Amino acid sequence: MDKRFDRNVRFFGAEGQDRIGRKTLAVIGIGGLGTHVVQQVALLGFSTFWLIDPEVLDVTNLNRYVGVYPSDVGTPKVELGARIIRSVNRSATVVQIRDRLQTRAAFDAIRQADVVIGCLDTDGARLVCAEVSAAAGKPYVDMASDILSEDSLRFGGRMVFSFLGTGCIVCRGLLDLEAARVELNPVVAAAHEAIYGVPHAALRGDVGPAVVSINGVVASLGVTELMLEITGIRRGTPHLTYRGELGKVLVSADLPRADCYYCSGIFGQWEEAGVEKYLL
């Protein structure tokens, strides 16, 4: 056993460390949450990754992305994610997919990985990721952070661990299906803009406040539950919510719908699910 994992092994044992080393991950979204996630999973000992993100680093990202520098502005985010991983483990296998989620390469990565992690900004992307992961028969960890100040300041985030066909962000009521469908259908989006006067760009969820520490908390919650599940210490918690303004992490007692189409209904049924309808 690699001595750098000595303190890991003291927690979850050599068998647990071996389980981590054998699992492969697809991480979609290498942003404020995603850079925290790839750093943490690399430190835990995961060593095979697919990183998916079409964007390059912007100067406004520098306040919350770990492992990046001002000189990295303009660099593809997947390249920065790969650098973070390889700074921890030079021999890691990292496939960089500098493209959108709704592409053949991204879908193939999800089908090949053992676990899918989504660190996405919009409901449309989250819906696609959850649906494609379920159709591919993969456990999916969805993470999101938020700072809201419409009526009173509320900030934090949540993680949802969708196991093998049990519970997802849709049946847990954490995704606006109408907003997702508008986002995913350009014709509907244009009609929505004409009727409501809301520019399509405003449907994006990446323009609000964001700070490094809140992203770090949410990423750590998700990565910790994944670690506990894989190593066998205990089952991962399906749904945790960080309420920063309250200084609390809440465990949801709500049960997911047993008949949810988006997780149990299409789990492991790639052809029948018809998820390739989302391909651009």
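In what sense do β5 and β6 pair, and over how many bridges? Here are some notes on that and on a few other spots in this predicted model.

1. **The β5 and β6 pairing.** The answer is antiparallel, with 9 bridges between β5 and β6. One pair to look at is L148, which stands opposite R154 in β6. On its other pairing, β5 (residues 140-148) runs parallel to β4 (residues 115-118), and 3 bridges join these two strands. There, I117 has V141 in β5 as its bridge partner.

2. **R154 in its setting.** R154 belongs to strand β6, which covers residues 154-162. Its relative accessibility is 41%, so R154 counts as partly exposed, the cut-offs being under 20% for buried and over 50% for exposed. Leaving out residues up to four places away in sequence, R154 touches D146, I147 and L148, together with R243 and E245. You may also like to check L246: this residue is 92 residues from R154 along the chain, yet their C-alpha atoms are separated by 8.6 Å.

3. **Confidence.** The protein chain has a mean pLDDT of 91, and 91% of its residues reach 70 or more. Please treat residues 191-206 with care, since pLDDT stays under 50 there. For that stretch the model has 15 contacts beyond four places in sequence.

4. **Strand β1.** Residues 24-28 form β1, and 5 of its 5 residues are buried. T24, A26 and I28 point one way from the strand, while L25 and V27 point the other way. Both sets of side chains are buried. As for its partner, β1 runs parallel to β2, with 5 bridges joining them. Within that pairing, L25 stands opposite F49 in β2.

5. **D72 in a loop.** Moving on from β2 (48-52), the loop between this strand and α3 (77-88) holds D72. Is D72 buried or exposed? D72 counts as buried because its relative accessibility is 7%, where the cut-off is under 20%. Beyond four places in sequence, D72 touches L57, G67, L80 and R83. N61 is 11 residues away from D72 in sequence, and their C-alpha atoms are 10 Å apart in space.

6. **The cavity.** The count comes to 1 cavity of 30 Å³ or more. The largest cavity has a volume of about 70 Å³ and a lining of 13 residues. Nearest its centre lie A130, A134, K138, S162 and C263. Two elements, α5 (123-135) and α9 (261-265), each give two or more residues to this lining. By class, the lining has 8 nonpolar, 4 polar and 1 charged residues.

7. **The second largest pocket.** This pocket has a volume of about 160 Å³. Which element gives the most to its lining? Helix α8 (residues 212-231) does, with 3 residues. The residues that line the pocket are K23, V115, P139, F161, F163, L164, L226, E229, I230 and R235. They divide into 7 nonpolar and 3 charged, with no polar residues.

Technical notes: Residues are numbered from 1 along each chain as its sequence is written. This is a predicted model: local features need pLDDT of at least 70, side-chain atom pairs count only at pLDDT 80 or more; totals for chains, interfaces and linings use all residues. Side-chain values use heavy atoms; hydrogens and water are left out. pLDDT is the predictor's confidence in each residue, from 0 to 100. Contact means heavy atoms within 4.5 Å. On a 1 Å grid over the protein atoms alone, a cavity is a set of points where a 1.4 Å probe fits but cannot get out, and a pocket is an open set with protein on both sides within 12 Å along at least five of seven lines; lining residues have an atom within 4 Å of a point. Grid points are joined across faces, edges and corners, and a volume is the space filled by probe spheres set on the points. Helices (H or I, at least four residues) and strands (E, at least two) are DSSP runs, numbered from the N terminus. Ala, Val, Leu, Ile, Met, Phe, Trp, Tyr, Cys and Pro count as nonpolar, Asp, Glu, Lys and Arg as charged, and the others, Gly among them, as polar. Buried means under 20% relative accessible area, exposed over 50%, partly exposed in between (1.4 Å probe, protein chains only). Two strands pair if DSSP finds at least two bridges between them.
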